[in-house]
Amino acid sequence: MDDLDRRIIAALQHNARESTTKLAAKLGVARTTVHERITRLEERGIIAGYTVVLRDPDEGNRVMVVVLLEVQQKETGRIIKRLEAYPEIRQCLSINGEYDLMVSAEAPRIEDLDILVDEVGRIPGVQRTNTLVVFGRRIDRV
């Protein structure tokens with residue numbers, strides 16, 4: 001995969017319905033080049049499919065936090081199971097470094113997230129948390 005493939009993918013992530021003619025014009029290459037590249041990316045499984053992403057009508061009214069968790073390694077599986085019970089938690093990632101897990105959570109009010117973070121911090125095996133409030137989404141390809 002080269003730079004042009006990455007630019008095509010980024011353009012499709014922004015608008016998968018964009019015609020190959022318009023994509024080619026934006027990228028400064030021939031329409032046939034874009035068509036062939038997309039076909040090859042699909043055949044190789046890099047592009048697995050296309051979908052419609054619906055926006056939550058309340059999305060603009062939601063607050064998001066990222067919570068970093070340091071956990072006892074032997075308790076990681078149990079902690080993740082507990083985290084699954086919170087509907088506010090959208091994502092949990094295993095990470096390396098000073099913290100072990102990164103959790104993103106959303107709620108209508110910051111007070112709701114304050115309660116969530118306190119509860120997460122009390123889960124047995126969670127040694128330490130660090131919470132970051134998200135001010136805005138600069139790139140959102142989900």
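**Salt bridges, cores and a surface patch in a predicted model**

A total of 14 salt bridges is counted in this structure, which is a predicted model. A good place to begin is the pairing of aspartate 5 with arginine 40, where the closest N and O atoms are 3.9 Å apart. This salt bridge links distant parts of the chain, since aspartate 5 belongs to helix H1 and arginine 40 to helix H3, 35 residues apart. Aspartate 5 has a relative accessibility of 3% and therefore counts as buried, whereas arginine 40, at 38%, counts as partly exposed. The pair also takes part in a wider arrangement: Asp2, Asp5, Arg37 and Arg40 are linked in a network of salt bridges.

Two further pairs deserve a look. Glutamate 106 and arginine 137 meet through their side chains in a salt bridge with an N to O distance of 2.4 Å. Because glutamate 106 lies in strand S3 (residues 101-107) and arginine 137 in the segment after strand S4 (126-134), this pair ties together parts that are 31 residues apart in sequence. Glutamate 106 is buried, with 8% relative accessibility, while arginine 137 is partly exposed, its relative accessible area being 40%. In the other pair, lysine 26 forms a salt bridge with glutamate 18, and the closest N and O atoms are 2.6 Å apart. Here lysine 26 counts as exposed at 58% relative accessibility, and glutamate 18 counts as buried at 16%.

Lysine 26 leads on to helix H2, which spans residues 20-27 and in which Leu23, Ala24 and Leu27 are buried. These three residues cover an arc of only 100° around the axis, so they sit on the same side of H2. Lys22, Ala25 and Lys26, on the other side of H2, are exposed. What do the buried residues of H2 pack against? Their partners are helix H1 (3-14) and helix H3 (31-43). After H2 comes glycine 28, which has a positive phi, near 75°.

Turning to the interior, the largest nonpolar core holds 18 residues, of which Leu69, Ile79, Leu83, Ile89, Leu116 and Val120 touch the most other members. At least two residues of this core are supplied by each of strand S1 (63-71), helix H4 (76-84), S3 and helix H5 (110-121). Valine 120 gives a closer view of the packing: with its neighbours within four places in sequence set aside, valine 120 is in contact with Leu69, Leu83, Tyr86 and Val126. There is also a second, separate core, made of 12 residues, and its members include Ala11, Ala24, Leu41 and Ile47. Ala24 has appeared above as one of the buried residues of H2.

Nonpolar side chains are found on the outside as well. Which residues form a nonpolar patch on the surface? Ile110, Val133 and Phe135 do, and together they have about 350 Å² of accessible area. Isoleucine 110 lies in helix H5, one of the elements that supply the largest core with at least two residues. With a relative accessibility of 39%, isoleucine 110 counts as partly exposed.

Key
Residues are numbered from 1 along each chain as its sequence is written. This is a predicted model: local features need pLDDT of at least 70, side-chain atom pairs count only at pLDDT 80 or more; totals for chains, interfaces and linings use all residues. Side-chain values use heavy atoms; hydrogens and water are left out. Buried means under 20% relative accessible area, exposed over 50%, partly exposed in between (1.4 Å probe, protein chains only). Helices (H or I, at least four residues) and strands (E, at least two) are DSSP runs, numbered from the N terminus. The arc is that of the directions from the helix axis to the C-beta atoms. Contact means heavy atoms within 4.5 Å. A salt bridge is a side-chain nitrogen of Lys or Arg within 4 Å of a carboxyl oxygen of Asp or Glu. A nonpolar core is a set of buried Ala, Val, Leu, Ile, Met, Phe, Trp, Tyr and Cys residues joined through side-chain atoms within 4.5 Å. Patches are made of residues with over 30% relative accessible area and no salt bridge: like charges are joined within 9 Å, nonpolar side chains (Val, Leu, Ile, Met, Phe, Trp, Tyr) within 5 Å. Accessible areas come from the Shrake-Rupley method with a 1.4 Å probe; for residues, only the protein chains shown count as cover.
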